[in-house]
Amino acid sequence: MLRSLGYAGFGSTDLDDWRQFGTRLVGLQAVERSASLLAFRMDDRKQRIVIDREMGEASRFFGWEVADAAALDALGARLEAAGVTVTAEPQALADARRVRALIAFRDPAGNRLEAFHGAEIDDTPFAPGRAISGFRTGPLGLGHVVLTVENIGAVMPFYVETLGFALSDYIEKPFRAYFFHLNPRHHSLALIETGRNGMHHLMVEMFSLDDVGQAYDVALSEPDRIGVTLGRHTNDFMTSFYAKTPSAFMVECGWGGREIDPKSWQPVEMTDGPSLWGHERVWLPHRDREVAREMRMRAAERGLRAPVQVMEGNYRLMSGTCAWWDGVREN
Ligand code: FE2
């Protein structure tokens, strides 16, 4: 079925602001397609994120990747059997998406979803818009998308039963949020119940913690750019902050996301809230922010912590022994 989040697109007339935001803050590579279309690269693929002036301001699409043409056909048949209207898109749109073929359909909240196979690889290396080490993509996909929904119960069965997403975990406080995976990335999709269908954020994961810290400095240098302060998530262990984009949603710049084993993973309710520390959420209503802060204070009191998740070549083990640290580990 679906393998990963392959691409995403958003309608906006602020192409200049988006170019600036994408390259200077996030570190994406801007590729000009036309006067009305801005594309971003983040790896070897020709494009991962597009901003389209001709789409409506609040419109968006998400491209979910399948293995091949047979998998795309099977998915189309499965959707139609479930009563979902599926459009086999013409070659012109596949060319614009830089993929071999795609189908399109809508989720129950009205989001345009596309499923595709055969993403085109660029013949030039990825050149980040700012001096970052790069983005963690490959089989994990481009990152994750978080949607706000009126009602999670009205949307979740479609993603789980029809599209094959698996529940990773969920929180009920300080807001309801459900997290879903397709591959070892802890979540490729999450749904937050806010009473309103919309786009909450897109997460991209950088190779180095310093990439995120430097992006944070860039964001701090701009008035009102930070949507969520630096912090660390309890479930995917991501250290991240959220920047407001020129559109009405945020981009989460993260580092150090855990990998899970989808075969043995058991979903749980998390009662410690969404963050081990930090992540002051500008977007939350005042009362929910208070609840979130109390949850973090309790986490701090209990010394809630998780090991950092690092890639080979991206760390150095500290030498020597330390009676204090050995004691911490034993407990
Ligand atoms: Fe996120």
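Helices (H or I, at least four residues) and strands (E, at least two) are DSSP runs, numbered from the N terminus. The structure is a predicted model, in which local features need pLDDT of at least 70, side-chain atom pairs count only at pLDDT 80 or more, and totals for chains, interfaces and linings use all residues. Residues are numbered from 1 along each chain as its sequence is written, and side-chain values use heavy atoms, with hydrogens and water left out.

Helix 1 spans residues 15-26. Its buried residues (buried: under 20% relative accessible area; exposed: over 50%; partly exposed: in between; 1.4 Å probe, protein chains only) are Leu15, Trp18, Phe21, Gly22, Thr23, Leu25 and Val26. Glycine 27 comes just after helix 1 and takes a positive phi of about 95°.

Aromatic rings were examined next. Rings of Phe, Tyr and Trp (its six-membered ring) pair if their centres lie within 6.5 Å; planes under 30 degrees apart count as stacked, over 60 as edge-to-face and the rest as tilted. The count by this rule is 14 aromatic pairs. One of them joins phenylalanine 10 and phenylalanine 62, with ring centres 6.1 Å apart and planes at 75°, so the pair is edge-to-face. Phenylalanine 10 belongs to strand 1 (residues 4-11) and phenylalanine 62 to strand 5 (residues 60-65), so the pair ties together parts 52 residues apart in sequence. Phenylalanine 10 is buried at 3% relative accessibility. Phenylalanine 62 is likewise buried, at 1%. One aromatic cluster is formed by Phe10, Trp18, Phe21, Phe62 and Phe249. Trp18 and Phe21 are also among the buried residues of helix 1.

Strand pairing (at least two DSSP bridges between two strands) was assigned for strands 6, 7 and 8. Strand 6 (residues 87-88) runs antiparallel to strand 7 (residues 101-106), and two bridges join them. Here alanine 88 stands opposite isoleucine 103 of strand 7. Strand 7 is also antiparallel to strand 8 (residues 112-117), with six bridges. Alanine 104 faces glutamate 114 of strand 8 across this pairing. Strands 7 and 8 form a hairpin with five residues between them. Glycine 110, in the turn, has a positive phi of about 95°.

Helix 4 covers residues 152-162, and its buried residues are Ile152, Val155, Phe158, Tyr159 and Thr162. They lie on the same side of helix 4, because they cover an arc of only 165° around the axis (the arc is that of the directions from the helix axis to the C-beta atoms). An α-helix has 3.6 residues a turn, so residues three or four places apart point the same way. The buried residues of helix 4 pack against helix 2 (69-81), strand 7, strand 8, strand 9, strand 11 (177-181) and strand 12 (189-193). At the start of the helix, a side-chain oxygen of asparagine 151 comes within 2.8 Å of the backbone nitrogen of glycine 153. Glycine 164, just after helix 4, takes a positive phi of about 85°.

Leucine 189 is found in strand 12. Its relative accessible area is 0%, so leucine 189 is buried. Beyond residues up to four places away in sequence, its contacts (heavy atoms within 4.5 Å) are Trp64, His144, Val145, Leu147, Tyr159, Phe165, Tyr178, Phe179 and Phe180. Leucine 189 and alanine 58 are 131 residues apart in sequence and 19 Å apart in space, C-alpha to C-alpha.

The iron ion has three protein donors in the model: His144 (NE2), His201 (NE2) and Glu252 (OE), at 2.0 to 2.2 Å. Donors are N, O and S atoms within 2.8 Å of the metal (3.2 Å for Na, K and Ca); water is not among the atoms, so sites may look incomplete. The donors follow the spacing H-x56-H-x50-E along the chain. Histidine 144 in strand 9 (residues 144-149) and histidine 201 in strand 13 are 57 residues apart, and the pair links distant parts of the chain. Histidine 144 is buried at 1% relative accessibility. Histidine 201 is buried at 4%.

Serine 208 sits in the loop between strand 13 (198-206) and helix 5 (209-220). Serine 208 is buried, with a relative accessible area of 14%. Leaving aside neighbours within four places in sequence, serine 208 contacts Ser133, Trp255 and Asn314. Aspartate 210 lies in helix 5. Its relative accessible area is 52%, so aspartate 210 is exposed. The C-alpha atoms of aspartate 210 and threonine 124 are separated by 26 Å, with the two positions 86 residues apart along the chain counted as their spacing.

How values were computed: Polar contact = N/O pair within 3.5 Å; in protein donor to acceptor, adjacent residues only side chain to side chain.
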